[in-house]
Amino acid sequence: MDLRGWVRTSLLDYPEHIATVLFTGGCNLRCPPCHNRDLVLHPQDVPAVPADEVFPYLARRAGLLDGVVLTGGEPALQPDLVPFLRRLRPLGLAVKLDTNGFFPDALETALAEGLVDYVAVDIKAPPDKYPLLAGRPALDLAPLERSLALLRASAIAYEFRTTVVPGLLDEEDIVAIARWLAGAPFYALQQFRPLNTLDPALEETAPYAPEALQAMARACAAWVERVEVRGA
Ligand code: SF4
């Protein structure tokens, strides 16, 4: 695994867990509001984290940590994601995978082998705006659709989440996403932060007012079981 970042202890990244957070380098998308500019564009310039440091640390912290978060970048871009998850399993930690959903084969194996306990999928936009919000023209959404279907058919806990970027997404878009995700157990609307964005122009964009995000959440309530506003 190309690990390029490590937060040893976090109370924020895995609901109800004290988790270590591992960041992988590289991503298949180029979302303009992405905050991980270096990790996405120049992962080779970010200091590597040797897996051989991570595993002994996790073994020593048994009982103090109860979770691991794999995030990025895009963890499923890594060809050895599944072997890495297999190596984590014996440690007895709950595993959360953050993904953009474009690698359903790895997700399918991870689900089939019981290698993950929680999956968070970023939903960038309604289908018609996906190429814009993912920074990839002519993006094929079929892999993402397959990941969504795999999660719906699985028994594990999962969430869908959208960063609500003013000027790129409005309430109509958010409701269109909720309709697309109809029946999902949990949908999180995340506040946009104009910091270190892949598209520097977005650093001039003011976030939505909390009340506007709450109104969007209420508008989604007819389509998904639970909606939460984060970071506002
Ligand atoms: S926000 Fe987009 S570009 Fe950034 S890591 Fe996530 S999927 Fe990749």
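Q: What makes it correct to say that the ligand sits in the largest pocket?
A: On a 1 Å grid over the protein atoms alone, a pocket is an open set of points with protein on both sides within 12 Å along at least five of seven lines, while a cavity is a set where a 1.4 Å probe fits but cannot get out; lining residues have an atom within 4 Å of a point. A molecule sits there if more than half of its atoms lie within 2 Å of the grid points, and the ligand passes this test for the largest pocket. The model is predicted: local features need pLDDT of at least 70, side-chain atom pairs count only at pLDDT 80 or more, and totals for chains, interfaces and linings use all residues. Residues are numbered from 1 along each chain as its sequence is written, and side-chain values use heavy atoms, leaving out hydrogens and water.

Q: Why are β1 and β8 called edge strands?
A: Strands are DSSP runs (E, at least two residues; helices are H or I, at least four), numbered from the N terminus, and two strands pair if DSSP finds at least two bridges between them. The open sheet runs β1-β2-β3-β4-β5-β6-β7-β8 with mixed pairing. β1 (3-10) and β8 (227-230) each have a single partner strand, so one side of each lacks a neighbour in the sheet.

Q: How do you know that β6 and β7 pair?
A: Two bridges are enough, and β6 (residues 157-164) and β7 (residues 187-191) share five, in the parallel sense. Thr-163 stands opposite Gln-190 in β7.

Q: What makes the phi of Glu-16 worth noting?
A: Most residues other than glycine have a negative phi. Glu-16 is not a glycine, yet its phi is positive, about 65 degrees. Glu-16 is in the loop between β1 and β2 (19-24).

Q: What kind of peptide bond joins Gly-72 and Gly-73?
A: The bond is cis, with omega about 10 degrees. Gly-73 lies in the loop between β3 (67-71) and α3 (81-88).
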